[in-house]
Amino acid sequence: MTSSARLYLSPPHMSGREQAYVTEAFETNWVAPVGPHLERFEREFAAKVQAPYAVAVASGTAALHLALRAVGVSAGDRVICSSFTFCASANPICYEHAQPVFLDSDRISWNMDPNLLHDELAESNQRNRLPKAIIAVDILGQSADLDAIRSEADRFEIPVIEDAAEALGASYRDKPVGASCPLSTFSFNGNKIITTSGGGMLCSFDQALADKIRFWSTQSKEPGPIYLHKELGFNYRLSNVLAGVGIGQLEVLDERVAKRRQIMAYYKERLGQLPGIGFMPRASFGQPNDWLSVITIDAAQFGASCDDIRLALETDNIESRRLWLPLHMQPLFAECEYRGGKVAESAFETGLCLPSGTAMTDHDLDRVCQRIEAVHASRSAT
Ligand SMILES: *Cc1c(COP(=O)(O)O)cnc(C)c1O
C-alpha cells in the first residue's frame with residue numbers, strides 16, 4: 001500500500017508551454033531584471049481579471065504589503081482582516097507596525113461576515129478609531145461578499161483590499177474576482193491554481209497608483225543617472241524568467257479551473273453519500289474556482305474525526321490538510337482584537353482539504369475516496 005506514489009494536496013501543474021517562454025528569456029538574455037515577458041504577463045493578467053493595471057511581484061505577500069502602503073497604512077493604524085485565512089493575509093499589517101483587527105466568517109461563504117463589519121465600523125466610528133483599511137480575503141477559491149463589504153466600507157470611505165490569492169479564475173456577481181475592489185492581490189505560490197514557482201500580482205484601477213507601486217517594488221529609484229531616493233523602496237519585482245512561466249500558466253487557467261471544479265463534483269457525488277460528510281458552503285453570489293476541495297466531518301455521525309481521516313489517508317501516502325487555525329487563535333496574534341463568534345473555529349474543527357491537484361486521474365480520485373469509505377466502514381462495524 002505505502003508503495004503507491006505520494007498524492008499531494010495541490011502540486012504545481014505545468015502545461016508544457018512554460019519552458020518555451022523560459023528558453024526565450026534565456027536566448028534573448030532577458031534573464032534579469034525586467035523584460036518583455038513581465039510586461040506581457042501583467043497585460044494578459046489584467047485583461048483576465050478585468051482590472052486595468054497589474055504589477056507583477058515576488059509573492060502574494062509582497063503584493064499585499066505594497067497594497068497596504070498604497071492606501072497609506074502606517075504604524076498604529078487599525079486594519080480589519082478576516083480571521084479565517086492563511087497568516088500571509090495579516091502578516092503585512094504587522095510589517096507596517098499596524099494592528100490587525102480580526103472578524104469572524106459568515107456561514108454562507110466562510111469569508112468575512114459583512115454584518116460583523118457593519119458593527120465593527122459603527123462602534124469604531126463612535127470611539128473615533130476607524131480602521132485605515134479592510135482586507136477582504138477570498139478563501140479556498142470562493143469570493144467574499146464584496147458588494148456588501150464595500151458598501152459598509154464606503155460609508156466611511158475606507159479602502160478595501162481584496163486578497164484573492166486563492167481565487168484566481170473565480171467570479172463574484174458575474175465579474176472575475178479582482179474586478180470588484182480598487183486593489184486586489186494574487187499569489188503564484190507553488191500550491192495555488194497557477195504558479196510561477198513563486199510570485200504574485202497586485203491589480204489596480206488607478207494607473208498612477210499602479211506606476212507608484214511598480215516604482216516601490218524596484219527600490220524607488222528616481223529617474224536619472226544618480227542613485228537618488230526620496231521614498232522607501234522594496235526589492236519585490238517578479239523576474240522576467242518567472243513571468244515566462246506565468247504566461248504559460250495563464251494560457252491554461254480556464255482548463256485548470258474546469259478540472260478543479262470536476263474534482264470537487266466527484267468528491268461531492270461520491271463522499272456526499274456517507275453519513276456525517278458535508279462540504280464547504282457555496283454562496284449564491286459567485287462561482288468559486290474550487291481551488292481546494294474541502295469536506296466537513298461530523299465525527300459522531302461519520303464515526304471518525306477529520307484528524308482520523310487525515311491519518312488514514314497518510315498511511316496510503318495521500319496528503320490532506322486541516323484548515324487554518326483562525327488567526328485570532330494564533331499565539332502570534334494573541335494580543336489582537338477580535339469580533340465574532342465561533343463560525344471560523346467550527347470550520348477549523350470540522351474541515352479537511354483533500355487532494356485537489358489538476359493532474360489527478362480518476363484512479364487517484366478513486367484512491368482517496370476508497371480510503372475514506374474504508375475509515376467509515378471500519379468505524380461503523382465496531
Ligand atoms: C498563498 C496566500 C497568500 C500569500 O501568497 P504568497 O505568494 O505565498 O506570498 C496570501 N493570502 C492567502 C489567502 C494565501 O492563500
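Student: Which residue in strand 7 is the bridge partner of Ser171?
Tutor: This is a predicted model, in which local features need pLDDT of at least 70 and side-chain atom pairs pLDDT 80 or more, while totals for chains, interfaces and linings use all residues. Residues count from 1 along each chain as its sequence is written, and side-chain values use heavy atoms, without hydrogens or water. Strand 6 (residues 171-172) runs antiparallel to strand 7, joined by two bridges; strands are DSSP E runs of at least two residues, numbered from the N terminus. Across from Ser171, the partner in strand 7 is Pro176.

Student: Which strands stand at the edges of the open sheet with the order 7-6-11?
Tutor: This sheet has three strands, paired antiparallel; pairing takes at least two DSSP bridges. Each edge strand has a single partner, so one side lacks a neighbour in the sheet. The edges are strand 7 (175-176) and strand 11 (286-287).

Student: Which residue in strand 12 partners Phe279?
Tutor: Strand 10 and strand 12 (residues 293-297) pair antiparallel over three bridges. They belong to an open sheet of four strands, in the order 10-12-15-13. Strand 10 (277-279) and strand 13 (321-322) are its edges, each with one side left without a neighbour because each has a single partner strand. The bridge partner of Phe279 is Ile295.

Student: How many charged residues are in the shell around the ligand?
Tutor: The ligand has 15 residues around it, near meaning a heavy atom within 4 Å. Thr61, Asp163, Glu166, Ser187 and Lys192 come nearest. Four of the shell residues are nonpolar and eight are polar; Asp, Glu, Lys and Arg count as charged. The charged residues number three.

Student: What share of the exposed ligand area does the protein bury?
Tutor: Start with polar contacts, pairs of N or O atoms within 3.5 Å. A ligand nitrogen is 2.8 Å from an N or O atom in the Asp163 side chain, while ligand oxygen atoms come 2.7 Å from one in the Ser187 side chain and 3.2 Å from one in the Lys192 side chain. Alone, the ligand exposes 380 Å² (Shrake-Rupley, 1.4 Å probe). The protein buries 92%.

Methods:
Polar contact = N/O pair within 3.5 Å; in protein donor to acceptor, adjacent residues only side chain to side chain.
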